[in-house]
Amino acid sequence: MTVSSGSPGWYLRRLSRMGPREVGGRVGDVVRRRRWRSARPDCPIVTDARFTAVLPAGTTAAIPPDAAKRLVAEADRLMYGHAEFFGVVRDDLVDPDWWCDPKTGRRAPWGYAFDVPYRNEDAVGDIKQIWEPSRHQYLTVLAAAYAITGDERYAERVAEHLRSWWAANPPLRGVHWISGIELGIRLLSWVWIRRLLDGWPGAAALFEDNPVARNQIWHHQRWLAAFPSRGSSANNHVIAEAAGQFAAACAFEWFPSSARWRAGALRSLERHLRGNTFVSGLNRELATEYHGLVLELALAAVAEADAADVPVPASVRLVLLRMTDALAAVVDNRLQPPRQGDADDGHGLVVDGAGTDRWASLLATGDAVFGRLAWWPAVTGTDVRTPLLAALIKRTEPSVTRPAERPAHFADAGLTILRGPEEIWCRCDGGPHGFLSIAAHAHADALSLEVRHDGVDVLADPGTYCYHGQPEWRQYFRSTLGHNTLQLDGDDQSLSGGPFLWTRHARSRVLAADTSDASEAGTARWCAEHEGYQDSVHRRRVELTAASRELKVVDEVHGPRRNARLAFHLGPAITADLVGNRARLSWTRDGEDRSAVLDLPGQLSWRAHRGETDPPLGWYSAGFGRKEPSTTLVGTGFSDGAEGFTTVLRFCG
């Protein structure tokens with residue numbers, strides 16, 4: 001069943017997931033929005049505004065030459081107007097239309113911001129396509145290119161686009177004044193643009209001496225102070241809002257309210273950073289890309305604090321330390337983390353060119369700020385962002401004991417990594433169904449697996465692909481059938497109430513986790529179960545045996561006889577030859593042929609699906625807005641077998 005947002009039924013379901021305090025806060029928001037429609041104060045008069053949060057002398061000299069080369073190449077593409085956002089290639093960025101969605105050709109309507117029906121693609125277009133360029137992260141790339149090369153063409157293009165955007169988007173008018181996360185990230189971009197343009201003769205005239213810029217900065221901060229994400233929506237959005245507000249109040253400390261805004265944003269950041277993060281260091285949304293987004297945003301906020309000599313609670317740095325260690329623990333041998341939950345390619349701070357590895361960059365920054373542990377994987381790539389952040393963030397010695405060995409089982413998050421020989425990597429999911437009462441970015445993926453061999457997706461998490469406008473695809477990519485797990489009676493384990501709303505959450509628990517490294521000898525084991533099907537319990541056991549390079553998966557259903565479908569999604573690099581209940585898998589890695597055999601449960605009837613659209617099945621999304629056909633093996637039958645369903649994946653030598 002496809003459930004859309006914005007209908008009366010959706011509003012009732014959404015309301016049911018809120019507590020009294022959140023309802024009261026949202027009522028206050030409605031009143032404030034109505035009042036703001038006719039009462040729009042002017043920015044206070046500012047005199048003697050200065051920007052002092054500059055990079056230390058010599059910072060850009062520390063940028064590795066290959067990282068600088070990638071950045072300049074990216075900047076040059078942007079100068080020619082070329083960019084790609086969520087799979088849509090654009091060549092109009094020399095003179096962008098800030099309200100146009102190039103995918104549908106629609107333009108968002110003009111008017112009071114809170115009247116714009118941004119969830120309605122027929123009226124607005126694809127809102128992500130409209131919003132993304134206006135985060136101005138492509139302008140931070142151009143500004144960084146100026147900082148490295150001194151070529152004023154980059155600075156002049158940045159100034160031209162900022163002036164264009166400010167003129168087209170006056171406060172509270174139109175689609176770019178609707179969502180707090182957009183305002184927060186945009187403010188952070190403006191801070192870094194001003195910093196990176198320091199030394200350009202026009203920098204002050206563009207920002208601190210420009211009443212239009214000051215007005216925009218003031219109204220952005222006023223908006224964020226008035227409309228924070230609340231209650232069941234206080235996920236990564238509230239981190240972006242607080243980080244952007246805090247960064248601007250530190251770097252653009254020009255207004256009577258700056259100190260109050262800074263203090264409030266820091267309180268919010270500290271509180272919600274702790275609230276959004278397990279003690280183990282993993283993000284509570286259990287959506288890996290949001291772990292990266294939150295880590296980037298919070299590191300940028302700490303950089304602003306240190307640049308402005310604003311004390312930050314020790315708990316903030318502690319959470320960032322734990323997040324960094326957790327990231328180092330879960331990545332595979334190619335430094336890629338799990339593909340768990342939603343992913344929309346969102347970044348906190350972008351100053352690098354194409355080809356820079358996001359996760360290697362974060363680990364490099366963690367090394368520079370906190371120091372690496374002996375068990376951390378080696379980071380061989382380079383980036384621009386790490387030297388810039390490291391120049392601002394004061395390195396402090398951690399006051400806590402860090403893991404002496406590489407963690408593999410994160411009990412609070414229910415995430416377990418099994419590692420075997422020849423770089424076999426397996427993620428097992430026995431954790432909560434997302435974060436907060438709506439679990440906005442969760443998928444119905446309880447007990448699902450991901451398996452990689454030397455970084456290649458063998459049993460893959462298919463990804464996310466889309467959020468708005470294509471409900472059948474949104475439903476598929478976050479469904480139970482869309483993951484490597486067992487589906488009963490054609491239902492999802494958790495009940496969806498909308499594209500970012502789950503009204504019933506499957507409850508999982510890990511029963512056993514022996515994560516002894518199976519890379520040389522022995523067997524690593526994991527077992528978990530969930531009760532998402534109410535009168536039935538799905539239990540799964542996984543064993544990774546080193547000697548045979550074999551992964552064994554046993555699925556049991558305790559409850560009445562039900563229709564069962566067991567799915568295994570293969571990565572796009574995998575070719576499968578299915579005969580009966582045996583699939584021979586083959587792929588190539590670095591010019592070398594690799595293979596495996598997948599023996600599937602004989603009690604089920606097996607079919608291979610690839611690139612099907614009615615309904616969707618057999619797809620892989622490498623990034624938001626992009627999808628490609630891949631092979632999905634689906635076995636159908638009944639769940640009445642006392643012996644369970646046994647699957648064996650054996651990697652060939």
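# Two sheets, crossing helices and unusual backbone

Pro-615 sits in the loop between strand E20 (612-613) and strand E21 (616-617). The peptide bond leading into Pro-615 from Asp-614 is cis, with omega near 0 degrees. Most residues other than glycine have a negative phi, and most peptide bonds are trans.

This is a predicted model: local features need pLDDT of at least 70, side-chain atom pairs count only at pLDDT 80 or more, and totals for chains, interfaces and linings use all residues. Residues are numbered from 1 along each chain as its sequence is written, and side-chain values use heavy atoms, with hydrogens and water left out. Helices (H or I, at least four residues) and strands (E, at least two) are DSSP runs, numbered from the N terminus.

## Positive phi

Ala-439 is not a glycine, yet its phi is positive, about 45 degrees. Ala-439 lies in the loop between strand E5 (424-429) and E6. Is Ala-439 buried or exposed? Ala-439 is buried, with a relative accessible area of 1%. Buried means under 20% relative accessible area, exposed over 50%, and partly exposed in between (1.4 Å probe, protein chains only).

Gln-534 also has a positive phi, near 65 degrees. Gln-534 belongs to the loop between E12 and E13. With 60% relative accessibility, Gln-534 counts as exposed. The hairpin of E12 and E13 has six residues between its strands. The hairpin of E6 and E7 has two residues between its strands, and there Asp-454 takes a positive phi near 50 degrees.

## Sheets

Strands pair if DSSP finds at least two bridges between them. Eight strands form an open, antiparallel sheet in the order E11-E12-E13-E14-E25-E18-E17-E16. E11 and strand E16 (575-579) are its edge strands, each pairing on one side only. Neighbouring strands of this sheet are turned by 15 degrees against each other on average, direction ignored. Axes are lines fitted to C-alpha atoms, for helices over the stretch in contact, and angles run from 0 to 180 degrees between N-to-C directions. Within this sheet, strand E12 is mostly covered, with seven of its eight residues buried.

A further open sheet has four strands, in the order E8-E15-E24-E19, again with antiparallel pairing. Strand E8 (486-488) and strand E19 (605-610) stand at the edges with a single partner strand each, so one side of each lacks a neighbour in the sheet. The twist averages 25 degrees from one strand to the next.

The table lists antiparallel strand pairs, each with one pair of opposed residues.

| Strand pair (residues) | Bridges | Opposed residues |
|---|---|---|
| E11 (508-514) and E12 (523-530) | six bridges | Val-510 and Ala-528 |
| E12 (523-530) and E13 (537-545) | eight bridges | Ala-524 and Leu-544 |
| E17 (582-589) and E18 (592-599) | eight bridges | Arg-582 and Asp-599 |
| E8 (486-488) and E15 (563-569) | three bridges | Gln-487 and Arg-565 |
| E6 (449-453) and E7 (456-459) | three bridges | His-453 and Val-456 |

## Helices

Helix H2 covers 19 residues (20-38); at 1.5 Å a residue it should span 27 Å, and its end C-alpha atoms are 29 Å apart, which agrees. The expected span is 1.5 Å times one less than the number of residues. Which residues of H2 are buried? They are Glu-22, Gly-25, Asp-29 and Trp-36. Seen down the axis of H2, they fall within an arc of 60 degrees, so they line one face of the helix. The arc is that of the directions from the helix axis to the C-beta atoms. On the other side of H2, Pro-20, Arg-34 and Ser-38 are exposed. The buried residues of H2 pack against helix H1 (8-16) and helix H10 (211-226). Contact means heavy atoms within 4.5 Å.

Helices H8 (residues 180-196) and H16 (residues 385-392) cross at roughly 90 degrees, and their axes come within 14 Å. H8 and H16 are therefore roughly perpendicular to each other. Angles of 65 to 115 degrees count as roughly perpendicular, under 35 as roughly parallel, over 145 as roughly antiparallel and the rest as oblique. Trp-192, Arg-195 and Leu-196 of H8 make the contact with Leu-388, Leu-389 and Leu-392 of H16.

## Arg-70

Arg-70 lies in helix H3 (residues 65-79). At 21% relative accessibility, Arg-70 counts as partly exposed. Leaving aside neighbours within four places in sequence, Arg-70 is in contact with Gly-353, Ala-354, Gly-355, Thr-356, Thr-382 and Asp-383. Arg-70 and Ala-145 are 75 residues apart in sequence, and their C-alpha atoms are 9.9 Å apart in space.
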